[in-house]
Amino acid sequence: MCMVIFSPIFAICAFATCGGYFGHLQVKVDCAASRPSNKSIIIDFGYPFRLQQVHFKAPLCDTKRQEILFLNGDYSSAAQFFVTVGVITFLYSLMATVVYVFYQNKYLKNNRGPFVDFVVTVIFSLVWLVSTCFWAKALTDIKTATEPTKVLLLISACSAQENKCTAAQEPLWSRLNASVVFGFVNVALWVGNIWFVFKETGWYKMGQRYPTRSSSGKREMRQRLYSESSFEQSFDDSFSAQLSRQNSFNQSKGQQMYRQGSFNQSQASYGLTQTYLGQPANKGSTKVPVIIINDK
């Protein structure tokens, strides 16, 4: 998501500051043999910095004719490479934004989308690094080639000591310096985005499924196992104590129930005996005792 938001912005800033540059420098040639002799020369140049095609006219102080001179150097390859990388990055970022927003399911299907995105991110990181370094070196050479004091050495009239040649104006380099800064910002952005894209691939998920244990991880694992075993031991002890109390309670309750049963049984036997003793005699079988007295 970081790449989707910031990558198009910095890509535009990089290729716009480089591709849209236009600068100029100014020198003055004062011929001692002619009046008026102060001749101002303005030299314009810009992207793609083919300086060998930039020409200007300088006076010949000994005659009224002028000579046509050219700057030195061709730095179009570095500049065009840098701008091309910026444009391609901008287009890819827009396409990636559309895929992330509208085709998220297809992007994650079979892990192809994250894998392709990871490979492209690594490639863009390397390409941005190479193009930015290449362009930074080329910019240094452009500054040297367009330095007014170097340009004055190309003019034949300035080789004569009686003529006076001065640098009136130097080019402004702030815009091109900003392009180099934006280039390195893109490098940092794409290199940092490698980690976020890697987390979407199956490689990261496999690493999470089978993690490697370091020494600190092993210590933490041993401490965790020790704490778990201590907890289980304390839990077993408390459970055993509770179970023994429960067994004691059940045993005492059984004894109480046994005594209660014995007491009820004794009451039942007593009731039966009392019922037998208290049963009235049968009236039909009642016998009156006869007392016989012997008079002898």
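This passage describes the aromatic pairs of a predicted model and a nonpolar patch on its surface. Because the model is predicted, local features require pLDDT of at least 70 and side-chain atom pairs count only at pLDDT 80 or more, whereas totals for chains, interfaces and linings use all residues. Residues are numbered from 1 along each chain as its sequence is written, and side-chain values use heavy atoms, with hydrogens and water left out.

Across the whole structure, 14 aromatic pairs were found (rings of Phe, Tyr and Trp, the last by its six-membered ring, with centres within 6.5 Å; planes under 30 degrees apart are stacked, over 60 edge-to-face, the rest tilted). One of these, Phe82 with Trp128, is edge-to-face, at 5.8 Å centre to centre and 85° between the planes. This pair links distant parts of the chain, 46 residues apart: Phe82 lies in helix α2 (residues 76–102) and Trp128 in helix α4 (residues 112–145) (helices being DSSP runs of H or I, at least four residues, numbered from the N terminus). Both Phe82 and Trp128 are buried (under 20% relative accessible area, with a 1.4 Å probe and protein chains only; exposed means over 50%).

The rings of Tyr92 and Phe124 have centres 5.5 Å apart and planes at 35°, so this pair is tilted. Tyr92 in helix α2 and Phe124 in helix α4 are 32 residues apart. Tyr92 is buried at 14% relative accessible area, and Phe124 is buried at 10%.

Ring pairs also join Tyr21, Phe45, Tyr47, Phe49, Phe82, Trp128, Trp135 and Trp173 into a cluster. By contrast, Val101, in helix α2, is exposed at 56% relative accessibility.

Technical notes:
Helix = DSSP H or I, 4+ residues; strand = E, 2+ residues; numbered from the N terminus. Patch = residues over 30% accessible without salt bridge, like charges linked within 9 Å, V, L, I, M, F, W, Y side chains within 5 Å. Areas by Shrake-Rupley, 256 points an atom, 1.4 Å probe, with all protein chains shown as cover. Salt bridge = Lys/Arg side-chain N within 4 Å of Asp/Glu carboxyl O.
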